[in-house]
Amino acid sequence: MQTQLVIKGDRRDASDEGTIDVINPADGSVVATVAAGTVDDMVAACDAAAAAQVGWAATAPRDRSELLRSCYRVMTDNADMLADLIVAENGKARSDALGEVSYAAEFFRWNAEETVRIRGVVATNPAGTARMIVHHPPVGVVLMITPWNFPAAMITRKLAPALGAGNTVVIKPPKESPLTALALADLFENKVGVPPGVINVVATASASKPVQAAMNHQAVRMVSFTGSTEVGRVLLEQAAGRVLKTVMELGGNAPFVVFADADLDAAVEGAIAAKMRHSAETCTAANRFYVEEPVLEEFGAKLGRAMADLKVAPGNEDGAQVGPLINAGAVESVDRLVRSAVDGGAEVVTGGRAVDRPGFFYAPTVLSGVAPDAEVCRNEIFGPVAPLVPFRDEDEVIALANDTEMGLIGYVYTTDLAKGLRVSEQIKAGMIGLNRGVVSDPAAPFGGMKQSGLGREGSTEGIYEFCETQYIATNW
Ligand code: SIN
């Protein structure tokens, strides 16, 4: 298992020999002890990325594309090893971990194809007096700050387009799940042949000083972050100091709307996917369930049974569907939201408590009769809790869905396609699942409106986020 920092192709201990223990959320045991990078290590990583950048950007797009394609293949060939690491450090069910590896690898396959299609424009100006050439060079050195809920995919969604566009990177993985990041860097350098210094990885025990040092490094021109809106705001303020380019994938508070004419079995299946994939710790997780009054009871009963039937167990146990939450603090904060909803008059249909076993497990929970302004509807839960709120008509549910500062994603279930599209268009969110519980796809633009973020990852747009735009005026 790779546990050292990756800087300029070297494997190093931290400059002060500091370490972090990586904890298995299924039982609280220590999985591995990883080097905890310092400010000096972060600066060394930025120096390494800066030194490698010009050479990397000068490689042929076709060569970078082929390397990206090899990263896809190597990830796929090593899916079991990567899934083992993800289960060990994040806790999610092995089926979810394997799904994540496949999703993560696809960002390389998709961006291998985009790398050779970064297009510019040549035009004559309207007065006919000049030619305008617009092209897209790489940004330079990119700092990537990634979360623990997708230890592989939230790296590759940034890394693949960044490398394809000709950038070099410094990755700061989360202290909870650095092992997958370190393993990926090893695979890409040793099995694919990505040159030293192109990918650097610095795990840290405490992020703020090393991150600030990276953002103040003269070579760093962009920060790409996935995580909470709270941390995103701080990073945006710091980025303003050097006017860095930013991509921010921040928090969600997704409404899940079930109209009375919906296929209720399909809606329950979609609700389980939207709420529970990856142990309910996704920013796309359905957070507030608005159900039209005539079907509230039936939908609640069906969802309650489906949630109660899920197998909650350590990710590696046979048939596990829901793993533990990331740590004890996560269990406490989910339980606090449930207690507060119950104190406000909600009823527990199923679950409603932590599971009495080692590790950080919380029972899949459905709450009915939840007030629209309950804390559990106002906050991103990041846990296996589905609060049900009744609604009477289309206008009311659109107002409820939009009554949040977040705007990452919404879900709508109805058999009336015109109504579904009408409502989807009025929900102020970057992504909508219309009769679908999962929307994530490397070929689709992932990102939010309002305080859920800035910029898009994936799709054709994703690679341009890692490019500058330069315009050359000339005559010939
Ligand atoms: C996230 O939770 O941050 C990403 C979810 C996804 O890509 O599906």
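Which β-α-β unit do β10, helix α8 and β11 make, a right-handed or a left-handed one? I looked this up first, keeping in mind that the model is predicted. The unit is right-handed, with helix α8 covering residues 229-241.

**Entry: around β10**

I stayed with β10, which spans residues 220-226. I counted 6 of its 7 residues as buried, so the strand is largely enclosed by the rest of the structure. Next I checked its partners. Strand β7 (residues 141-145) pairs with β10 in the parallel sense, over 5 bridges. In that pairing, Val141 has Val220 of β10 as its bridge partner. Strand β11 (residues 245-249) also pairs with β10, parallel and over 5 bridges. There I found Thr226 bridged to Glu249 in β11.

**Entry: the ligand**

Thr226 turned up again when I listed what surrounds the ligand. The rest of that list is Asn149, Phe150, Met154, Thr282, Cys283, Thr284, Ser440 and Phe446. I sorted the shell by character and got 4 nonpolar residues, 5 polar ones and no charged ones. Where do the shell residues come from, in terms of domains? Domain 1 (5-250 + 452-474) and domain 2 (254-441) each supply at least three of them.

**Entry: an open sheet**

I then went to a sheet of 3 strands, which is open and runs in the order β5-β6-β22. Its pairing is antiparallel. Which strands stand at the edges? They are β5 (121-124) and β22 (470-474); each has a single partner strand, so one side of each is left without a neighbour in the sheet. From one strand to the next, I noted an average twist of 20 degrees. For β6 (residues 131-135) and β22, I found 5 bridges in the antiparallel sense. Arg131 is placed opposite Thr474 of β22.

**Entry: Thr115**

My last stop was Thr115, which I located in helix α4 (residues 94-115). Is Thr115 buried or exposed? I found 26 C-beta neighbours inside 10 Å, so Thr115 counts as buried; the cut-off for that is 20 or more. I also took the C-alpha to C-alpha distance from Thr115 to Val366, and got 45 Å. In sequence, these two residues are 251 residues apart.

Notes:
Residues numbered from 1 in each chain as written. Predicted model: local features only at pLDDT ≥ 70, side-chain atom pairs only at ≥ 80, totals over all residues. Pairing = 2+ DSSP bridges. Helix = DSSP H or I, 4+ residues; strand = E, 2+ residues; numbered from the N terminus. Axes fitted to C-alpha atoms, helices over the stretch in contact; angles between N-to-C directions. Near = placed C-beta within 6 Å. Nonpolar A, V, L, I, M, F, W, Y, C, P; charged D, E, K, R; others polar. Domains from an automatic or database assignment. Buried ≥ 20, exposed ≤ 12 C-beta atoms within 10 Å, placed from the backbone. Right-handed = clockwise from strand over helix to strand, strands pointing away.
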